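Q: Take the structure below and justify the terms used to describe it.

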Amino acid sequence: METFLSHHKKVYITGEIGGKTVVYATVKDTKSILSCSCRPCRPEVFIHDPPMDIDHVTTDGLTPTFWVDKPGKDYVFMMGNRRVAQIMRKWMTEKAKNEGYFVEIGPNMDVAFMCMCAMAIDQLYMKVQASSAY
């Protein structure tokens with residue numbers, strides 16, 4: 001996964017085909033860095049089929065496959081009006097409090113891909129938190 005900051009914060013889910021880096025999906029925050037900070041963010045996941053060359057990747061003209069409802073500590077991946085996955089930051093011990101979360105994935109969903117999307121959301125907001133700390 002690679003993180004890129006532009007007017008919109010985004011993370012690419014990447015792979016390699018024939019020695020070239022390609023993008024399978026883009027996770028993008030719909031809130032522009034230049035927009036009013038009072039508007040809530042709503043991350044969206046765009047799947048690229050076929051995968052796009054990383055140097056020419058765009059989401060222009062694409063409809064998001066998934067969107068994130070109520071991003072924050074716990075959030076839900078939605079596909080239209082259907083909940084397809086839920087992220088819950090629960091812990092069994094105080095030591096594990098900031099170290100993990102549960103990903104509950106609905107039927108007929110690609111488990112590995114939904115986990116990558118959850119990791120991309122983490123990476124998206126870790127990058128933003130790190131840059132705003134300065």
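The questions below set computed values against the definitions they rest on.

A: This is a predicted model, in which local features need pLDDT of at least 70, side-chain atom pairs count only at pLDDT 80 or more, and totals for chains, interfaces and linings use all residues. Residues are numbered from 1 along each chain as its sequence is written, and side-chain values use heavy atoms, with hydrogens and water left out.

Q: What makes up the secondary structure of the chain?
A: One helix and eight strands, in the order β-β-β-β-β-β-β-β-α along the sequence. Helices (H or I, at least four residues) and strands (E, at least two) are DSSP runs, numbered from the N terminus.

Q: Why is Phe 66 called buried?
A: Buried means under 20% relative accessible area, exposed over 50%, and partly exposed in between (1.4 Å probe, protein chains only). Phe 66 has a relative accessible area of 3%, so Phe 66 is buried. Of the 134 residues of the chain, 32% count as buried.

Q: Which side chains of strand β5 point to the buried face?
A: Along β5 (residues 66-69) the side chains alternate. Phe 66 and Val 68 point to one face and are buried, while Trp 67 and Asp 69 point to the other and are not.

Q: What makes β4 and β5 a strand pair?
A: Two strands pair if DSSP finds at least two bridges between them. Strand β4 (residues 44-53) and β5 have two bridges, in the antiparallel sense, and Glu 44 stands opposite Trp 67. β5 is also joined to β6 (residues 75-79), by three bridges and again antiparallel; there Asp 69 has Val 76 as its bridge partner.

Q: Why is the pair of Phe 66 and Phe 113 called tilted?
A: Rings of Phe, Tyr and Trp (its six-membered ring) pair if their centres lie within 6.5 Å; planes under 30 degrees apart count as stacked, over 60 as edge-to-face and the rest as tilted. Two aromatic pairs meet this rule. The centres of Phe 66 and Phe 113 are 6.3 Å apart and their planes are at 40 degrees, so this pair is tilted. Phe 66 lies in strand β5 and Phe 113 in helix α1, 47 residues apart.

Q: What makes the pair of Tyr 75 and Phe 77 edge-to-face?
A: The planes of Tyr 75 and Phe 77 meet at 70 degrees, with 5.8 Å centre to centre. Both residues are buried.

Q: Which residues have the most contacts inside the largest nonpolar core?
A: A nonpolar core is a set of buried Ala, Val, Leu, Ile, Met, Phe, Trp, Tyr and Cys residues joined through side-chain atoms within 4.5 Å. The largest has 21 residues, and those with the most contacts inside it are Val 45, Phe 66, Tyr 75, Phe 77, Phe 113, Met 114 and Ile 121. Helix α1 (111-132) is among the elements that each supply at least two of its residues, and α1 gives the most, with eight.

Q: How do you know that Cys 115 is not in a disulfide with Cys 117?
A: A disulfide is a pair of cysteine sulfur atoms within 2.5 Å. The sulfur of Cys 115 is 9.3 Å from that of Cys 117, its closest cysteine sulfur, and therefore too far for a bond. The structure holds zero disulfides.

Q: Why do Cys 115 and Cys 117 fall into their accessibility classes?
A: Cys 115 is at 28% relative accessibility and therefore counts as partly exposed. Cys 117 has a relative accessible area of 0%, so Cys 117 is buried.
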